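Here is my note for a colleague who has not yet looked at this model. Please read the points beside the sequence and the structure.

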Amino acid sequence: MWKLRPFDLLACFLVLLSALPARAHVGSPDVYAEGEAGPYKLFVVVRPSLVIPGVAEIEVRSRTPGIDNITITPMLLTGDASKHPPVPDNMTKPSGDAQFFTGHLWIMATGSWQIRFVANGSQGQGVLSIPIPATAMGTRKMQRGMGLMLALLGVILVLGMVGIIGAAARDAQVPPGKTASPDRRRRAYVAMTVALVILVAGVILGNKWWSAEATDYSSYIYKPLQMNATIQPGNILDLKMVDPGWLSARKLDDFVPDHNHIMHLYAIRWPAMDVVYHLHPDQAGSGDFQLTLPDMAAGNYKLYADVVHANGFPETLVTTIKLPFIRGRELTGDDAEGTTTGVKWNGEGTQTSTSYKLPDGYAMTWKRPATLIAKQPEDFTFSLLDANGQPAKDTGLYMGMAGHAAFVKTDGTVFAHIHPSGTVSMAALMLAQSQNGPSAGNTTGDMKDMPGMDMSGSQPIPNTVSFPYGFPTPGNYRIFVQMKHANVIETATFDASVQ
Ligand SMILES: [Cu+2]
């Protein structure tokens, strides 16, 4: 047993804290965002590091020509630290492409961060801030081969030390050519035994120290809020949050509204994924949300609840519930439902339809790329057509935006609720943008200044919506896309096979 300890000591230098962004989504760590830095439209990708402190890789594609340079600065999203930014870094143009920039930044601590992009070019300066929630997600395991090698080296080290001390005690004062006396031999054994005891004690104490460090680290590892779902009399869905213990700063009563609602709940019948509800429970108390259910088909449902803390830190809570057939209320307001066929993959799993027939005769189409590749930034573009197949003229805003989309992997490992501005939470984006000042060209922090966001709802809007996103992993996904026309909230379903 003791033999393994020296390598544990070495291991403490090699084991790193893994980090992924918070579960604003589930299993979808990279940030994809589109927004305006003053006159320049930018498509931003941030791939957070696997360790914290760690390096976030950043890519920017400018939709607007004429940018000479872009600088990037990491800052906390709220609090005093957000007012004292460090010196900005320059992004580089790695290829001949004048509109493609890359860079990287150190993210030094867990928290609700933002990256401020300042673009300079022929049309002057523009600023865009993108919120980046960063948390440690676990510890990385050492590779087995490396562990065995270090353990072996540790054993050699300890035995070698014992041998050296023994030899010194036995032979140090013996003249050349003579052998040590029995008395000296005895002294050597005693010295070796004492040395062994001291070394083993050192190793055990070192291991204790390392374990204490590891326990300390583990308190920083992100543990998502949990949620228990029950049905109360009157078909009331009750969601009780449970904090499994994480940073003591996390609260259950500091949620802020995100595009009109304090919680967005997707209920998806599982595993067929053939029925989906987008609902908005009300806060009944600290960490307690309630909702009177609409009519619902019986079955097992996966529930994904999106909330945002006051510091802009988003979380998605996940649970499951088995429901009988529910004869509930009518769907009203922003609550919506979609029904479709069950997940079915022909052959290798490629459902390739580009048009989805909606229940009221309208249709939604997807400008489906020829191939979908994991981690590749993409514009997911959908259009609403009327019953005659013409662009819908009565397209309106749904919760202030042209559309909402949920990307859900069929194995349940990925859930991401996306908007025209990307994967970032609208509430966090508002916090970030409101700090940018007059030079940003978007100064007030009002919802109407947000990319793709217009709370007035008065203007006619195009029948096409685009979501910047990239699938995190290869596999099969179902995409639920929601758009609104007149007073109808449409929910279309598309399937995607990702390489
Ligand atoms: Cu939404």
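1. The site of the copper ion is irregular, with angles of 84 to 140 degrees among its four donor atoms. In this classification four donors count as tetrahedral if all angles lie between 85 and 135 degrees, four count as square planar and six as octahedral if opposite donors are over 155 degrees apart and all others between 65 and 115, and anything else is irregular. This is a predicted model, in which local features need pLDDT of at least 70 and side-chain atom pairs count only at pLDDT 80 or more, while totals for chains, interfaces and linings use all residues. Residues are numbered from 1 along each chain as its sequence is written, and side-chain values use heavy atoms, with hydrogens and water left out.

2. The protein donors of the copper ion are H259 (NE2), H404 (ND1), H417 (NE2) and H419 (NE2), at 2.0 to 2.4 Å from the ion. Donors are N, O and S atoms within 2.8 Å of the metal (3.2 Å for Na, K and Ca), and since water is not among the atoms, sites may look incomplete. H404 belongs to strand β23 (residues 404–409) and H417 to strand β24 (residues 415–418), so this pair ties together parts that are 13 residues apart in sequence. Helices (H or I, at least four residues) and strands (E, at least two) are DSSP runs, numbered from the N terminus. Both H404 and H417 are buried, where buried means under 20% relative accessible area, exposed over 50%, and partly exposed in between (1.4 Å probe, protein chains only).

3. Helix α3 (residues 182–218) has 37 residues and reaches 53 Å from its first C-alpha to its last, close to the 54 Å expected at 1.5 Å a residue; the expected span is 1.5 Å times one less than the number of residues. Among the buried residues of α3 are R184, N207 and W210. Helix α4 (residues 426–433) is mostly covered, since six of its eight residues are buried.

4. The count comes to 17 salt bridges, each a side-chain nitrogen of Lys or Arg within 4 Å of a carboxyl oxygen of Asp or Glu. One of them joins E34 and R63 (2.6 Å, N to O), linking strand β2 (residues 31–37) with the loop between β4 (54–62) and β5 (67–76). E34 is buried, at 12% relative accessible area, whereas R63 is partly exposed, at 34%.

5. D335 and R329 also form a salt bridge, with their closest N and O atoms 2.7 Å apart. A network of salt bridges links D30, R47, E59 and K375.
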